[in-house]
Amino acid sequence: VLDTKTNLIWQDNNESKTLTKTWEQAITYCEGLELGDYSDWHLPNFNELYSLPDRSKTYPALSSVFTNVVSGYYWSSTTSAGNSSAAWLVDFDGGFGDWGYKTGSGYVRCVRLAD
């Protein structure tokens, strides 16, 4: 899915609604993803991920152009400044940020910069 405001292309296949991983596994997964003839995917940083939700919606707080989404916490690549064992997530229930321990489980939605 192309976001024309940010010029980012978001993963929206079946894996993006079922895939849960630890933070390190999420980074590795996105860096190894080959989808749509592209291999330059990455785990979004917090600002990229936080730009995605539509906060006028809930459960999920995401545009209906996405067909593969669940309400839940999605990993960003951004480590918490106050705790290196934690990273920022975005909760797609309401579209708000939170943090979680990197060893925990979160959903994964990869992103790439549009050409």
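Begin by selecting Cys-30, which is buried, with a relative accessible area of 0%; the model in your viewer is a predicted one. Next, add Cys-110 to the selection, a residue that is likewise buried, at a relative accessible area of 0%. A disulfide joins Cys-30 to Cys-110, with an S to S distance of 2.1 Å, and a search of the whole structure finds one disulfide. A disulfide is a covalent bond between the sulfur atoms of two cysteines. Which parts of the chain does this link tie together? Cys-30 lies in helix 2, while Cys-110 lies in the loop between strand 7 (106–107) and strand 8 (111–113), so the pair connects parts that are 80 residues apart in sequence. If you turn the view to look along the S-S bond, the angle about that bond is -85°, and the link of Cys-30 and Cys-110 is left-handed.

**Along helix 2**

Now select the whole of helix 2, residues 23–32, and colour its residues by burial. Which residues of helix 2 are buried? They are Trp-23, Ala-26, Tyr-29 and Cys-30, and these residues lie on the same side of helix 2 because they cover an arc of only 120° around the axis. An α-helix has 3.6 residues a turn, so residues three or four places apart point the same way. If you rotate to the other side of helix 2, you will find Glu-24, Thr-28, Glu-31 and Gly-32, which are exposed.

**Into the cores**

From here, move on to the largest nonpolar core, a group of 13 residues in which Tyr-29, Cys-30, Leu-43, Trp-75, Val-108 and Cys-110 touch the most other members. Two elements, helix 2 (23–32) and strand 5 (83–91), give two or more residues each to this core, and the largest share, four residues, comes from helix 2. There is also a second, separate core of 12 residues, and to find that one you can select Leu-49, Leu-62, Val-69 and Val-90, which are among its members. In soluble globular proteins, nonpolar side chains tend to be buried together.

**Backbone stops**

The next stops concern the backbone, so a display of the main chain will help. Most residues other than glycine have a negative phi, and most peptide bonds are trans. Select Tyr-59 and Pro-60, which are joined by a cis peptide bond with omega at about 5°. Pro-60 has its place in the loop between helix 3 (46–50) and strand 4 (73–80), and Tyr-59 lies in the loop between helix 3 and strand 4 as well. Tyr-59 has a phi near 50°, a positive value in a residue other than glycine. Is Tyr-59 buried or exposed? Tyr-59 is exposed, with a relative accessible area of 62%.

Then go to Asn-7, in the loop between strand 1 (2–3) and strand 2 (8–10). Phi of Asn-7 is near 60°, again a positive value in a residue other than glycine, and Asn-7 is partly exposed, with a relative accessible area of 36%.

**The largest pocket**

For the last stop, show the surface and select the residues that line the largest pocket: Val-1, Leu-2, Asp-3, Thr-4, Lys-5, Ser-51, Leu-52, Pro-53, Asp-54, Ser-63, Val-65 and Phe-66. How much space lies in the largest pocket? About 200 Å³ of space lies there. Coloured by class, the lining of the largest pocket shows six nonpolar, three polar and three charged residues.

Key: Residues numbered from 1 in each chain as written. Predicted model: local features only at pLDDT ≥ 70, side-chain atom pairs only at ≥ 80, totals over all residues. Heavy atoms only, no water. 1 Å grid on protein atoms, 1.4 Å probe; cavity = no way out; pocket = protein on both sides within 12 Å on 5 of 7 lines; lining within 4 Å. Points joined across faces, edges and corners; volume = space filled by probe spheres on them. Nonpolar A, V, L, I, M, F, W, Y, C, P; charged D, E, K, R; others polar. Core = buried A, V, L, I, M, F, W, Y, C linked by side-chain atoms within 4.5 Å. Buried < 20%, exposed > 50% of the residue type's maximum accessible area, 1.4 Å probe, protein only. Disulfide = S-S within 2.5 Å. Arc of directions from axis to C-beta.
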